[in-house]
Amino acid sequence: AMNECGWICCSHRHSLQLYSPSALRFVTQSHDQNNECRLILMRHSKRIDEHPAISLKSTHMKWDKKDEYVRCYDPPICDYELPLLKIHEVELAIPSLNITKIVVSPFLRCIQTAAVIAQHLRIRRFQIDARFGETKADVNRCIFGATKKYNKEQENEKALGFKLAHDHNDVEYLSMQEIREHILSLVSEENDEQKQMDVVIEWTHREKAGNELYTEALDEYRNALSETSGGDVLIVSHGGIISSLCEQSSGKILSVDECGWICMTKTNAMYKCSSAAVQVIFDTNA
């Protein structure tokens, strides 16, 4: 059903690639007869340190010099449109989608990605779960790279005076107040007190960074899915985490690009996935 000025985008590969979410609605659900509740695992959007060309296009996409070193493991995102494009893709693939909860890694890039999507879905409840946080290896890789860059700066007599993390054991998450401020900046207007009051953030798991408990966490959420009610759950995490979870659950080794997504049900570990941002590198079941 299409309202005035509603729009649909088609390509040579997809008859319905994108559409206007506010002016177009599905009257039937002929493409999705599965009544099971679902988990949507999505990787965060593009991080500013890995896509400097994008950040240079906007003056507000900056990373504080001190944080580049002290919080090198926790960069912000630089692409705020990609999460919207990908959640639209999920809505097209699953017309009966009904996300009622967003679970988020405590790292800033995941928090920002989740907030952008929450604004679109009009969801105001967030659950922070550190078990879906970045892997130990990837955190240490960031710290090693920043330390190498910092030492080079010192050799060039650019004394910065920053104290860097030694490894994943030194990682400090954002405070609850900082997380709330980041979320509010993306889900409400500055003077919209009602929307700010509606935002509820629960921090249910505060395990240290690199805890490697993501398998246990996924099992917990999948087992909690109801077959008849309760709504779908979006989990915003990291590429390495999602790849590992899918390999363990389905036997498929995946490459997951930024905002790539996987849909799981209680009975199907690979119900649906992003056609463009997720690639199967190897199938151990083949």
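1. Strand S3 and strand S7 (residues 232-237) are a good place to start in this predicted model: the two pair in the parallel sense over 5 bridges. Within that pairing, Met-42 has Val-236 of S7 as its bridge partner. S3 also pairs with strand S9 (residues 261-265), again through 5 bridges, but here the strands run antiparallel. On the S9 side, Leu-41 is matched with Ile-262.

2. How enclosed is S3 (residues 38-43)? With 6 of its 6 residues buried, the strand is largely enclosed by the rest of the structure. Both of its faces are covered. Arg-38, Ile-40 and Met-42 are buried on one side, and Leu-39, Leu-41 and Arg-43 are buried on the other. You may like to look at the two arginines here, since Arg-38 and Arg-43 are on opposite sides of the strand.

3. For the wider setting, the protein chain holds 9 helices and 11 strands. Of its 286 residues, 48% count as buried. Taking contacts between residues at least 6 apart in sequence, 74% join residues at least 24 apart.

4. Asp-74 deserves a look of its own. This residue sits in the loop between helix H2 (65-70) and helix H3 (82-93), and its relative accessibility of 4% is under the 20% cut-off, so Asp-74 counts as buried. What does its side chain reach? One polar contact goes to the side chain of Arg-71, at 2.7 Å. The Asp-74 side chain also reaches the backbone nitrogen of Leu-108, at 2.7 Å. Leaving aside residues up to four places away in sequence, Asp-74 touches Trp-63, Phe-107, Leu-108, Arg-109 and Leu-174.

5. Glu-153 is another acidic residue to check, this one in helix H5 (residues 136-155). Its relative accessibility is 14%, and Glu-153 therefore counts as buried. The side chain of Glu-153 makes a polar contact with that of Tyr-69, at 3.5 Å.

6. Helix H6 (residues 176-187) has 12 residues and spans 16 Å from its first C-alpha to its last, close to the 16 Å expected at 1.5 Å a residue. Its buried residues are Ile-179, Ile-183, Leu-184 and Val-187. Seen down the helix axis, these buried residues fall within an arc of 130°, so they line one face of H6. The background is familiar: an α-helix has 3.6 residues a turn, so residues three or four places apart point the same way.

7. Two backbone angles are worth a glance, given that most residues other than glycine have a negative phi. Glu-212, which is not a glycine, has a positive phi of about 60°. Cys-259 is not a glycine either, and has a positive phi of about 65°. Where do they lie? Glu-212 is in the loop between strand S6 (200-205) and helix H8 (214-224), while Cys-259 lies in the loop between strand S8 (252-256) and S9. Are they buried or exposed? Glu-212 is partly exposed, with a relative accessible area of 37%, whereas Cys-259 counts as buried, at 0% relative accessibility.

8. Finally, a word on confidence. The protein chain averages a pLDDT of 86, and 84% of the residues score at least 70. Over residues 26-33, however, the pLDDT is below 50, and this stretch has 12 contacts in the model beyond near neighbours in sequence. Where pLDDT is low, the predicted coordinates should not be read in detail.

Technical notes: Residues are numbered from 1 along each chain as its sequence is written. This is a predicted model: local features need pLDDT of at least 70, side-chain atom pairs count only at pLDDT 80 or more; totals for chains, interfaces and linings use all residues. Side-chain values use heavy atoms; hydrogens and water are left out. Helices (H or I, at least four residues) and strands (E, at least two) are DSSP runs, numbered from the N terminus. Buried means under 20% relative accessible area, exposed over 50%, partly exposed in between (1.4 Å probe, protein chains only). A polar contact is a pair of N or O atoms within 3.5 Å; within protein, one must be able to donate a hydrogen and the other to accept it, and residues adjacent in sequence count only if both atoms are side-chain atoms. Contact means heavy atoms within 4.5 Å. The expected span of a helix is 1.5 Å times one less than its number of residues. The arc is that of the directions from the helix axis to the C-beta atoms. pLDDT is the predictor's confidence in each residue, from 0 to 100. Two strands pair if DSSP finds at least two bridges between them.
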